Amino acid sequence: MKSFLTFIIAISSVLFLVSCGEDRTYEYVEKTQHNQWAWSLLQDNYLWIDSVGDYEPEWQKFFQNPSDFLSLITSKSKHDDKWSYAFVDTLDVDMHERGMFNHINSYGMDFELMVDPTGRTTKSVARVKTVYPNSPAAKAGLKRNDFIYSFDGYKLSSNNVKKLQSGVKRTLGICHIAFSAEDVSFYWQDSTEVVMEASRFVEDVAFPVDSIVLTGEGKVGYLMCARLVPGPEERANENQNKYINDLDAVMERFRGERVKTIVLDLRLCNYGTLDMACRLASYVIPAKHANSTFAKTFWNNKRNMNDATIPYNTNVKTLDFSKVYVIVGDYTQGAAEWMIHALQHTMGEENVVLIGTSTCGQNVLTEEVGSKYNVHLCPVVAYVADGSGDYQYGKIVPTEEMTIDEMTLSEWAEYGSPDEYLFHTALKAFYLEALW
């Protein structure tokens, strides 16, 4: 590849000609230095730099914003890289959005815009999918399966629906759907208004819901995981082990209650760390596998000294489950997928029962390799394999009988409730397995 000296000389020559002898190279070097820096880091750290081949960006490309520049480089790879990213810390960017929800400036809810599901009108409504704890939406009393039909007196439409993502204090029109057995049809049962505070930063709670359900075959533990990180990343002054402590407390409660199995709800889990994924997995595996390998990582040829074998965490005592149930969806990504793939290898795919829809398919690790010029560069740096070294996996898909798209369901109960359809499906599968 050409050196950056060649790049600078080329720019200097061009600028000399167009400026009639006035050397303004320094201006253009300053405007491109962030991407020159990024390009040099990628050549050492990017997992698939070899597959980029002899490509070298034309000098004009170095003037792009960091995110577009990184997209340009990764698009030249022979791999479908959807995971590398860069962001500028002077901008409000959330790299872990979920649908209509973002952490930076949000009312704290995710929702789906749809035409009146009763079929009685052509009006638009927003169906609330998730309400995040301690958010303006939660404080307003919004729940899953609420339907929003208006805000501040305005009817909802595709043109103004984004006003439900962030903004000022709002008054929402809320209604609920019901089913008439007599007419075999749906109808609007009621309507009310709620006041929602202005949008703001909304932090994930790593484990927002946990519960224990007593079935005819014993107790079943339920744990929803929104992210697999050790502590609140956005609050550096707080205890960075907070979520480790939260996880440990839940698992010890499950142990004390002698739960027979666990349902891990990962449908909202779209980021995390290998260590935290390993910790959670170490709690649920059979005791006979406690000293086996959780995962392996494989870096590029320049960084293969970072290749690692990660054992299960023997500092935690496993609950010794022979079978686990995992709820997944199209937000399930990264650390959650690494953990599922590792559990499938360790326990056998038949003992890791997936319920929901297919995951995103991230079998690689992204990592911040540098921060300069207010730019944070986070490319793909390694494959994440299971204990056997297998990293050739993409989207993780439930079996046909366990594939359930909750958007097709007319009723949504709250997460962790035995009436919530995906959790109910897991409970039913556990019951039938126990009978068998």
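Is Cys175 buried or exposed in this model? At 5% relative accessibility, Cys175 counts as buried. Keep in mind for every view here that the model is predicted.

**View 1. Cysteines without a bridge.** Along with Cys175, which is buried at 5% relative accessibility, this view takes in Cys278. Cys278 is in no disulfide, and the nearest cysteine sulfur, which belongs to Cys225, sits 14 Å away. Like anything under 20% relative accessible area, Cys278 is classed as buried, its own value being 4%. Search the whole structure and you find 0 disulfides.

**View 2. A four-stranded open sheet.** Read across this sheet and the order is E12-E11-E18-E15, with antiparallel pairing. Strand E12 (308-311) and strand E15 (364-366) are the edges; each has a single partner strand, so one side of each is left without a neighbour in the sheet. From one strand to the next, the twist averages 30 degrees. Zoom in on strand E11 (residues 293-299) and you can follow 4 bridges over to E12, again in the antiparallel sense. One spot to look for is Thr293, whose bridge partner in E12 is Pro311.

**View 3. Helices on that sheet.** Helix H6 (residues 274-284) lies across E11, E12 and strand E18 (380-386), and runs at about 160 degrees to E11. Helix H7 (residues 335-347) packs on the sheet too, where it touches E11, E15 and E18. The direction of H7 makes about 25 degrees with that of E18.

**View 4. Inside the largest nonpolar core.** This core has 54 residues. If you want the ones with the most contacts inside it, pick out Leu223, Met251, Leu266, Phe294, Met339 and Leu343. At least two core residues come from each of these elements: helix H5 (242-256), strand E10 (261-265), H6, E11, strand E13 (324-328), H7, strand E14 (352-356) and E18. Met339 makes a handy place to centre the view: beyond its neighbours within four places in sequence, Met339 is in contact with Leu264, Leu266, Ala277, Leu280, Ala281 and Phe294. As background, nonpolar side chains tend to be buried together in soluble globular proteins.

**View 5. Strand E9 and its partners.** How many of the 7 residues of strand E9 (residues 218-224) are buried? The count is 6, so E9 is largely enclosed by the rest of the structure. On one pairing, strand E8 (residues 209-215) joins E9 through 7 bridges, and the two run antiparallel. E8 and E9 make a hairpin with 2 residues between them, and Val213 has Val220 of E9 as its bridge partner. E9 also pairs with E10, this time in the parallel sense and over 5 bridges. In that pairing, look for Leu223, which is bridged to Leu264 in E10.

**View 6. The E13 and E14 pair.** Here E13 and E14 run parallel, joined by 5 bridges. Find Val328 and you'll see it standing opposite Gly356 in E14. E14 is mostly covered, with 5 of its 5 residues buried.

**View 7. Leu156 in its loop.** Which two strands does the loop holding Leu156 lie between? They are strand E5 (154-155) and strand E6 (170-180). Despite its place in a loop, Leu156 counts as buried at 5% relative accessibility. Leaving out residues up to four places away in sequence, Leu156 touches Leu113, Ser124, Val125, Ala126, Ile148, Tyr149, Ser150, Phe151, Val161 and Leu164. You can also pick out Lys123, which is 33 residues from Leu156 along the chain, with 7.8 Å separating their C-alpha atoms.

**View 8. A three-stranded open sheet and helix H3.** The strand order is E1-E17-E16, and the pairing is antiparallel. Strand E1 (85-88) and strand E16 (370-372) are the edge strands, each pairing on one side only. The twist averages 15 degrees from one strand to the next. E1 and strand E17 (residues 375-378) share 4 bridges, and Ala86 has Leu377 of E17 as its bridge partner. H3 lies across E1 and E17, running at about 170 degrees to E1.

**View 9. Close in on H3.** Asn65 caps the N-terminal end of this helix, with a side-chain oxygen 3.1 Å from the backbone nitrogen of Ser67. Within H3 (residues 66-75), Pro66, Phe69, Leu70, Leu72, Ile73 and Thr74 are buried.

Methods
Residues are numbered from 1 along each chain as its sequence is written. This is a predicted model: local features need pLDDT of at least 70, side-chain atom pairs count only at pLDDT 80 or more; totals for chains, interfaces and linings use all residues. Side-chain values use heavy atoms; hydrogens and water are left out. Two strands pair if DSSP finds at least two bridges between them. Axes are lines fitted to C-alpha atoms, for helices over the stretch in contact, and angles run from 0 to 180 degrees between N-to-C directions. Contact means heavy atoms within 4.5 Å. A nonpolar core is a set of buried Ala, Val, Leu, Ile, Met, Phe, Trp, Tyr and Cys residues joined through side-chain atoms within 4.5 Å. Buried means under 20% relative accessible area, exposed over 50%, partly exposed in between (1.4 Å probe, protein chains only). A disulfide is a pair of cysteine sulfur atoms within 2.5 Å. A polar contact is a pair of N or O atoms within 3.5 Å; within protein, one must be able to donate a hydrogen and the other to accept it, and residues adjacent in sequence count only if both atoms are side-chain atoms.
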